[in-house]
Amino acid sequence: IVVPAYTTAEQVKELAPDGIMFSNGPGDPTENVEIIENIKEIQKLGIPIFGICLGHQLMALANGGKTEKLKYGHRGANQPAKEVETGRVYITSQNHGYAVVSDSMPENGKVSFVNGNDNTCEGVNYTNMPAFSVQFHPEACGGPHDTAFLFDRFIELMKNNRK
């Protein structure tokens with residue numbers, strides 16, 4: 001089910017989804033004040049969440065993190081994203097001009113991926129809820145599929161969260 005960006009937590013709860021995906025979009029993430037407030041409430045539902053690109057940035061802002069405009073942005077289907085825990089580098093598709101500031105994340109937001117070129121935040125795992133997010137596009141077609149495993153991770157979160 002695809003819903004508008006301004007869907008409230010109450011409306012999401014009525015849909016009873018197995019999981020929620022906050023998708024990509026344009027512009028400065030800080031301008032989405034109402035959506036950030038909705039995300040704060042949606043997170044309280046305990047439903048697994050996967051944020052991608054703008055969704056990643058909005059989740060970080062909803063959890064007290066900050067974003068910054070990149071000098072050049074990350075563009076193309078050949079951007080290296082390094083998984084912090086394993087050190088493995090994935091080649092990813094990216095198209096964004098803002099990034100989450102790694103050291104602005106609260107204790108519950110652990111940086112999971114960093115950009116191999118400039119070390120900016122490329123992913124966050126949230127320890128206080130079944131949620132994670134990435135800056136790059138694991139859903140991208142016509143390019144690398146290195147990070148398609150993230151969808152398996154999200155499906156597993158949803159399975160583990162069923163009551």
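In this predicted model, helix α3 is mostly covered. Nine of its nine residues are buried. They are Leu54, Gly55, His56, Gln57, Leu58, Met59, Ala60, Leu61 and Ala62. Cys53 lies in the loop between β2 (49–52) and α3. This cysteine is buried too, with a relative accessible area of 2%. Its phi is positive, about 55 degrees, although Cys53 is not a glycine. On the other side, α3 is followed by Gly64. The phi of Gly64 is also positive, near 95 degrees.

Helix α3 (residues 54–62) packs against helix α2 (residues 33–43). Two packed helices are described by the angle between their axes and the distance between the axes. Here the angle is about 75 degrees, and the axes of α2 and α3 are 9 Å apart. An angle of 65 to 115 degrees counts as roughly perpendicular. The two helices, α2 and α3, are therefore roughly perpendicular to each other. From α2, the contact draws on Ile35, Ile36, Ile39, Lys40 and Gln43. From α3, Leu58, Met59, Leu61 and Ala62 take part. By class, the contact of α2 with α3 has seven nonpolar residues, one polar and one charged.

Helix α2 residues also appear in the surroundings of Tyr6. Tyr6 is found in the segment before α1 (9–15). Neighbours within four places in sequence aside, Tyr6 is in contact with Gln11, Glu34, Ile35 and Asn38. Ile35 thus meets Tyr6 and is also part of the contact of α2 with α3. Tyr6 and Asp152 are 146 residues apart along the chain, and their C-alpha atoms are separated by 27 Å.

A further positive phi occurs at Ala16, near 50 degrees, in a residue other than glycine. Ala16 lies in the loop between α1 and β1 (20–22). Ala16 is exposed, with a relative accessible area of 58%, whereas Cys53 is buried.

Aromatic contacts were searched for across the whole structure, and six pairs were found. A pair of aromatic rings is described by the distance of the centres and the angle of the planes. The rings of Tyr90 and Phe149 have centres 5.2 Å apart and planes at 35 degrees, so this pair is tilted. The pair links distant parts of the chain. Tyr90 belongs to strand β4 (residues 89–100) and Phe149 to helix α4 (residues 149–161), 59 residues apart. Tyr90 is buried, at 5% relative accessible area. Phe149 counts as partly exposed, at 25% relative accessibility.

Phe113 and Phe136 form another pair, with ring centres 5.2 Å apart. Their planes lie at 80 degrees, so the pair is edge-to-face. Phe113 sits in strand β5 (residues 109–115). Phe136 sits in the loop between β7 (131–134) and α4. The pair therefore ties together parts that are 23 residues apart in sequence. Both Phe113 and Phe136 are buried.

Ring pairs also build a cluster of Phe50, Phe132, Phe151 and Phe154. Phe132 has a charged partner as well. The charged end of Arg153 sits over the Phe132 ring, 5.7 Å from its centre.

Technical notes
Residues are numbered from 1 along each chain as its sequence is written. This is a predicted model: local features need pLDDT of at least 70, side-chain atom pairs count only at pLDDT 80 or more; totals for chains, interfaces and linings use all residues. Side-chain values use heavy atoms; hydrogens and water are left out. Rings of Phe, Tyr and Trp (its six-membered ring) pair if their centres lie within 6.5 Å; planes under 30 degrees apart count as stacked, over 60 as edge-to-face and the rest as tilted. Helices (H or I, at least four residues) and strands (E, at least two) are DSSP runs, numbered from the N terminus. Buried means under 20% relative accessible area, exposed over 50%, partly exposed in between (1.4 Å probe, protein chains only). A charge sits over a ring if NZ of Lys or CZ of Arg is within 6 Å of the ring centre and within 35 degrees of the ring normal. Axes are lines fitted to C-alpha atoms, for helices over the stretch in contact, and angles run from 0 to 180 degrees between N-to-C directions. Angles under 35 degrees count as roughly parallel, over 145 as roughly antiparallel, 65 to 115 as roughly perpendicular and the rest as oblique. Contact means heavy atoms within 4.5 Å. Ala, Val, Leu, Ile, Met, Phe, Trp, Tyr, Cys and Pro count as nonpolar, Asp, Glu, Lys and Arg as charged, and the others, Gly among them, as polar.
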